[in-house]
Amino acid sequence: MIKLNGRNANSLIDTGSSDSYINYDFVLKHGIRIIPGTGQVSMATTSLTTKVKGYVLVDLHVQGHTYNGFKLTVLPQLCADVLLGHDLMKHHSHVDVTFGGPRPPLAICSLIPACVESPKLFGNLSPNVKPIATKTRRFSEQDSQFINVEVQKMLSEGIIEASNSPWRAQPLITQNDNHKKRLVIDYSQTINRFTVLDAYPLPRIDDIVSKVAKYSVFSTIDLQSAYHQIPISIEERPFTAFEANGKLYQFTRIPFGVTNGVACFQRVIDSVISKEDLKGVCMHI
């Protein structure tokens, strides 16, 4: 049981959920104002998705801890009033889960992020490179709200930062086969015009299949927004600048849409596998 805006609410902690959610029926019952927003949430099986109803900003009180203005995405038919995910748990050093078994506690080592050097994302630029600021694009009110939500999320996660770059690309909104919206940046008229291809080789599917065929047990690790796991140098960040709702931002991690993003990501992961001497590990983008 937790307190939400002073009211009791049933809650669950989901260690597999990246975000936190609130039941649509609970929101309606207690008259909580919904901030418009669109999108879809993929369940544990990616074939099952559900549309969000927007989000709310509430004050949570959980086991003596208070979270003011905490964002909860509104979902219909949630299994509890509130589902708490990584965006809340990351405020703490660790989360203890009691199972009530007779044996002593089982300690699991924490995950340690790999320290990687910033790759030369824009190391291959043509001699005639010059800053370009593209014309501002107009978006519908709904798309502008979607862009704002995505920008605020990236700011909170340190993926982007405010910029005073002479470069300015424009955002685009795309949709996948499940009609899930995604924010991308169109670099075709800015830095990509001056970027020479990095010819770093990518692994062939048939070679990967041949390599793993000798094993009988497999596991997979899916990096969330994989490019955003790789930092870029301070000197190269201005090349990634883009406009969003009247403000200018730049990436601190590799953005999607730049010419050599794939090659740089592949090189970094290959380097990690080599340095850590990881056996039986294959990487595929």
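Colleague: What volume does the second largest pocket have?
Modeller: This is a predicted model, and its empty space can be explored with a simple idea. Rolling a probe the size of a water molecule over the atoms shows where empty space is left. For the second largest pocket, the volume comes to about 350 Å³.

Colleague: Which residues that line the second largest pocket are the closest to its centre?
Modeller: The lining of this pocket is made up of nine nonpolar, five polar and one charged residues, and β3, β8 and α2 each supply at least two residues of it. Of the 15 lining residues, the closest to the centre of the pocket are Ile13, Val62, Gln63, Val95 and Asp96.

Colleague: Which element supplies the largest share of the largest nonpolar core?
Modeller: This core holds 34 residues, of which Val151, Ile160, Phe242 and Phe251 touch the most other members. At least two residues each are supplied by α3, β12, β13, β14 and α5. The largest share, five residues, comes from α5.

Colleague: How many residues are in the other core, the one with Val27 among them?
Modeller: This core lies apart from the largest nonpolar core, and Ile32, Tyr67 and Leu84 are also among its members. Its count is 18 residues.

Colleague: Which residue in the turn between β13 and β14 has a positive phi?
Modeller: Strands β13 and β14 pair in the antiparallel sense over three bridges, with Ala244 standing opposite Lys247 in β14. The two strands form a hairpin with two residues between them, and the residue in the turn with a positive phi, of about 50°, is Asn245.

Notes: Residues are numbered from 1 along each chain as its sequence is written. This is a predicted model: local features need pLDDT of at least 70, side-chain atom pairs count only at pLDDT 80 or more; totals for chains, interfaces and linings use all residues. Side-chain values use heavy atoms; hydrogens and water are left out. On a 1 Å grid over the protein atoms alone, a cavity is a set of points where a 1.4 Å probe fits but cannot get out, and a pocket is an open set with protein on both sides within 12 Å along at least five of seven lines; lining residues have an atom within 4 Å of a point. Grid points are joined across faces, edges and corners, and a volume is the space filled by probe spheres set on the points. Helices (H or I, at least four residues) and strands (E, at least two) are DSSP runs, numbered from the N terminus. Ala, Val, Leu, Ile, Met, Phe, Trp, Tyr, Cys and Pro count as nonpolar, Asp, Glu, Lys and Arg as charged, and the others, Gly among them, as polar. A nonpolar core is a set of buried Ala, Val, Leu, Ile, Met, Phe, Trp, Tyr and Cys residues joined through side-chain atoms within 4.5 Å. Buried means under 20% relative accessible area, exposed over 50%, partly exposed in between (1.4 Å probe, protein chains only). Two strands pair if DSSP finds at least two bridges between them.
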